[in-house]
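Hi,

Here is the structure I promised to pass on. Have a look at it first, and my notes follow below.

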Amino acid sequence: MSVLVGAGTRLLVQGITGREAANFTRECLDYGTQVVAGVTPGKGGEEVYRVPVFDTVEEAAAATHPDAALISVPPLGVLDAALEAIDARIPLLVIITERVPRRDVAALLTVAHAAGTTVVGPNSLGLIAPGACKLGSIGGPAADVRRAYTPGRVGVVSRSGGMTTEIASMLTRAGIGQSTCISVGGDSLIGTTLLDAYRLFAEDPDTEAVVTFSEPGGAQEHELAEFLEASGGPPTPLFCFVAGRFVDDMPGTRFGHAGTMVEAGGSTARAKIARLRAAGAHVADRLDELPVVVTAAMGTDVAA
């Protein structure tokens, strides 16, 4: 079983005639995802890899009944694209676009929350249920995806899109399969946080452990730790890696694509590591230790 997506997911791609969107549409199709429609205003009636293109989400939804929308449009067009998808009652939006104005993100998340719509991103590479479907450019071409990701019972959630695949590949090489892998996005304001994803996994009876990848900056890890503390420890075993300890002595510095300033105190990697450990999470000192600590703590139960 997976969270958010599965073999029956029907995907609509907004901005499908753009170069990047057309490329990951092909990758998704090659992996077996049901891409049922695309939307680009003014391009209605065309096709992209035999996927019909519509002028509006309303027309596409009425004709093809998607239950997920992938948004890959210019940053200033994301708000309108998201509102269109929400109005069409599409329950899951995955926003690939980066550098979306924070005011626009706040506005679309407010509307999405009121409508009960789940948003992943912005600045996400997408998500994947191994062996079932993938949404976005996560993992790259289908052949690479099949090497990196394997079906199993460990959920993966990462603030870094590339590290989502790296961690899944490490787990796969160790014989540990994944239920769902989610690139939540590297921006400071996103729709699905580490805590949101962890709670989804904790409610999934077929996900038996969760692995997270974190970075300096922001408060997501502290929110996750607060939830663990309130729960009396992790409801589902949690294994974490927090990158960027070298930045801890550089307050006021932007780290990578994290989208937040590293501030003295709570947003440093060391502070996050200490807080997560105190709340009951297993925190690896090195990235390559993750498969080792997962196997040591869970035995062979997560290996298939």
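To start with a side chain you can find for yourself: is Asp-288 buried, partly exposed or exposed? Asp-288 comes out as partly exposed, at 43% relative accessible area. For the cut-offs, buried means under 20% relative accessible area, exposed means over 50%, and partly exposed is in between, using a 1.4 Å probe and protein chains only.

Before you read on, two notes on where the values come from. This is a predicted model, so local features need pLDDT of at least 70 and side-chain atom pairs count only at pLDDT 80 or more, while totals for chains, interfaces and linings use all residues. Residues are numbered from 1 along each chain as its sequence is written, and side-chain values use heavy atoms, with hydrogens and water left out.

Salt bridges

The structure has ten salt bridges. To count, a side-chain nitrogen of Lys or Arg must be within 4 Å of a carboxyl oxygen of Asp or Glu. Behind this is a general point: side chains of opposite charge can pair when their charged atoms come close.

Asp-288 is in one of them, with Arg-286 as its partner at 2.5 Å, N to O. Arg-286 is partly exposed too, at 49% relative accessibility.

Then there is Arg-159, which forms a salt bridge with Glu-221, with 2.9 Å between the closest N and O atoms. Arg-159 sits in the loop between strand 10 (151–158) and helix 6 (161–173), and Glu-221 is in helix 8 (residues 220–230), so this pair ties together parts that are 62 residues apart in sequence. Both ends are buried: Arg-159 has a relative accessible area of 3%, and Glu-221 is at 1%. Lys-272 joins Arg-159 and Glu-221 in a network of salt bridges.

Helix 1

Helices here are DSSP runs of H or I with at least four residues, strands are runs of E with at least two, and both are numbered from the N terminus. Helix 1 covers residues 19–31, and it has a salt bridge of its own: Arg-26 and Asp-30 are four residues apart in the helix, about one helical turn. Their closest N and O atoms are 3.8 Å apart. Arg-26 is partly exposed at 28%, as is Asp-30 at 43%.

Other side chains of helix 1 are buried, among them Phe-24, Cys-28 and Tyr-31. The length works out as well: at 1.5 Å a residue, 13 residues should span 18 Å, and the end C-alpha atoms are 19 Å apart, which agrees. (The expected span is 1.5 Å times one less than the number of residues.) Right after the helix comes Gly-32, with a positive phi near 110 degrees.

The sheet

An open sheet of seven strands runs in the order 3-4-2-1-5-6-7, with mixed pairing. Strand 3 (47–48) and strand 7 (118–120) are at the edges with a single partner strand each, so one side of each has no neighbour in the sheet. Two strands count as paired if DSSP finds at least two bridges between them. Strand 2 (residues 34–39) and strand 4 (residues 51–54) run parallel and are joined by two bridges. If you want to look at one bridge, Gly-38 has Val-53 in strand 4 as its partner.

Happy browsing!
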